[in-house]
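User: Hi! I am new to reading protein structures and would like to go through one step by step. Could you help me with some questions about the one below?

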Amino acid sequence: MKITFLGHACLLVEGGGKRVVIDPFLTGNPVAAAKPEDLRVDAVLLTHGHADHSSDAAGVAQANGCPVIAVVELAGHIARKGAQTIGMNTGGTYDQDGIRVKLTQAFHSSSFEDEDGQVHYAGQPVGILLTMGGKTLYHTGDTALFSDMKMIGERHMIDCTAMPIGDFFTMGPEDALDAAEWIGAKHVIPMHYNTFPPIRQDGERFVAKLKERGIIGHALQPGESIEI
Ligand code: NI
Ligand code: MN
């Protein structure tokens, strides 16, 4: 599995001959490492409706003729923009054509804003367990620390986890260290930091703290990849 960090919480994931993008927020993202029109993907996955995760979802899906996979209420809003969608809910699994997506809980909020500024309920926020080519990535989505991360780690073989460390809107680095330990992934990618002033953090310091706990971290710059 190859994981490319495209900035903020957006990951391009390739494995088993498939490519998916999680939380495409590229237009208007000051640290974006790609343009939405450059993405060639087989599916778009969303953790929740906030614009810093979902803003390019419909456009990327339409350009690629592929579905957006999201919680059912959010999928409904995306479908109104003309994109093909697959609406799921927390705990459920989608498994087709080499892409396996299981939605886990996340502690956050989720809403979706239309072009006219109307804000809509977008269902529960989720984390995503994505399995492709025999490897599993756990993208936690925007979340606080929660103790069932231990259970998620115990019940799934997780090769890599990507988690927010920005604080303010999500857990910060101290809580994320415990999250990394509880999830028990072999590799940890910090995300959702340094995009905007309120979420400024030191990714390398977080990786050094992970190392003290015997965990391998990767503070990827936008555009950088790891192969796991
Ligand atoms: Ni959010
Ligand atoms: Mn966010």
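User: Is His192 buried or exposed?
Analyst: Happy to help, and please keep in mind that this is a predicted model. His192 is found in the loop between E14 and H6. A residue counts as buried when its relative accessible area is under 20%. The relative accessible area of His192 is 1%, so His192 is buried.

User: What is the phi of His192?
Analyst: Most residues other than glycine have a negative phi. His192 is a residue other than glycine with a positive value, and its phi is near 55 degrees.

User: Which residue in the loop between E13 and H5 has a positive phi although it is not a glycine?
Analyst: The residue in question has a phi of about 70 degrees. Its relative accessible area is 62%, so it is exposed. The residue in the loop between E13 and H5 is Phe168.

User: How many salt bridges are there?
Analyst: Side chains of opposite charge can pair when their charged atoms come close. The cut-off here is a side-chain nitrogen of Lys or Arg within 4 Å of a carboxyl oxygen of Asp or Glu. By this rule the count is seven.

User: Which residue forms a salt bridge with Asp159?
Analyst: The closest N and O atoms of this pair are 2.9 Å apart. The two residues are 27 residues apart and link distant parts of the chain, with Asp159 in the loop between helix H4 (148–155) and strand E13 (160–164) and its partner in the loop between helix H5 (173–183) and strand E14 (187–191). Asp159 has 8% relative accessibility and so counts as buried. The partner counts as partly exposed because its relative accessibility is 40%, and its name is Lys186.

User: How far apart are the closest N and O atoms of Arg213 and Asp178?
Analyst: This pair also connects distant parts of the chain: Arg213 sits in the loop between helix H6 (203–212) and strand E15 (216–217), and Asp178 in helix H5, 35 residues apart. Arg213 is partly exposed because its relative accessible area is 35%, and Asp178 is partly exposed at 27%. The closest N and O atoms in their salt bridge are separated by 2.8 Å.

User: Which residue is linked with Asp178 and Arg213 in a network of salt bridges?
Analyst: Arg213 forms a salt bridge with Asp178. The network of salt bridges holds these two and one further residue, Glu181.

User: Are H5 and H6 roughly parallel or oblique to each other?
Analyst: The axes of H5 and H6 are 10 Å apart, and the helices pack at an angle of about 40 degrees. Angles under 35 degrees count as roughly parallel. H5 and H6 are therefore oblique.

User: Which residues in H6 meet H5?
Analyst: The crossing of the two helices is right-handed. By class, their contact has six nonpolar, no polar and one charged residues. On the H5 side are Pro173, Ala176, Leu177 and Ala180, and on the H6 side Phe206, Lys209 and Leu210.

User: Are H4 and H5 roughly parallel or oblique to each other?
Analyst: H4 and H5 pack with their axes 7 Å apart, at an angle of about 30 degrees. Met149, Lys150 and Gly153 of H4 make the contact with Ala179, Trp182 and Ile183 of H5. Those residues divide into four nonpolar, one polar and one charged. With angles under 35 degrees counting as roughly parallel, H4 and H5 are therefore roughly parallel.

User: Which residues is Gly203 in contact with, leaving aside its neighbours within four places in sequence?
Analyst: Gly203 lies in helix H6. Its relative accessibility is 7%, so Gly203 counts as buried. Leaving aside those neighbours, the residues in contact with Gly203 are Ile165, Tyr193 and Ala219.

User: What distance separates the C-alpha atoms of Asp97 and Met132?
Analyst: Asp97 is in the loop between strand E7 (93–96) and strand E8 (99–105). Asp97 counts as exposed because its relative accessibility is 58%. Asp97 and Met132 are 35 residues apart along the chain, and their C-alpha atoms are separated by 9.7 Å.

Definitions and conventions: Residues are numbered from 1 along each chain as its sequence is written. Chains are lettered from A and ligands numbered from 1 in the order in which they are written. This is a predicted model: local features need pLDDT of at least 70, side-chain atom pairs count only at pLDDT 80 or more; totals for chains, interfaces and linings use all residues. Side-chain values use heavy atoms; hydrogens and water are left out. Helices (H or I, at least four residues) and strands (E, at least two) are DSSP runs, numbered from the N terminus. Buried means under 20% relative accessible area, exposed over 50%, partly exposed in between (1.4 Å probe, protein chains only). Axes are lines fitted to C-alpha atoms, for helices over the stretch in contact, and angles run from 0 to 180 degrees between N-to-C directions. Angles under 35 degrees count as roughly parallel, over 145 as roughly antiparallel, 65 to 115 as roughly perpendicular and the rest as oblique. A crossing is left-handed if the near helix is turned anticlockwise from the far one by less than a right angle, and right-handed if clockwise. Contact means heavy atoms within 4.5 Å. Ala, Val, Leu, Ile, Met, Phe, Trp, Tyr, Cys and Pro count as nonpolar, Asp, Glu, Lys and Arg as charged, and the others, Gly among them, as polar.
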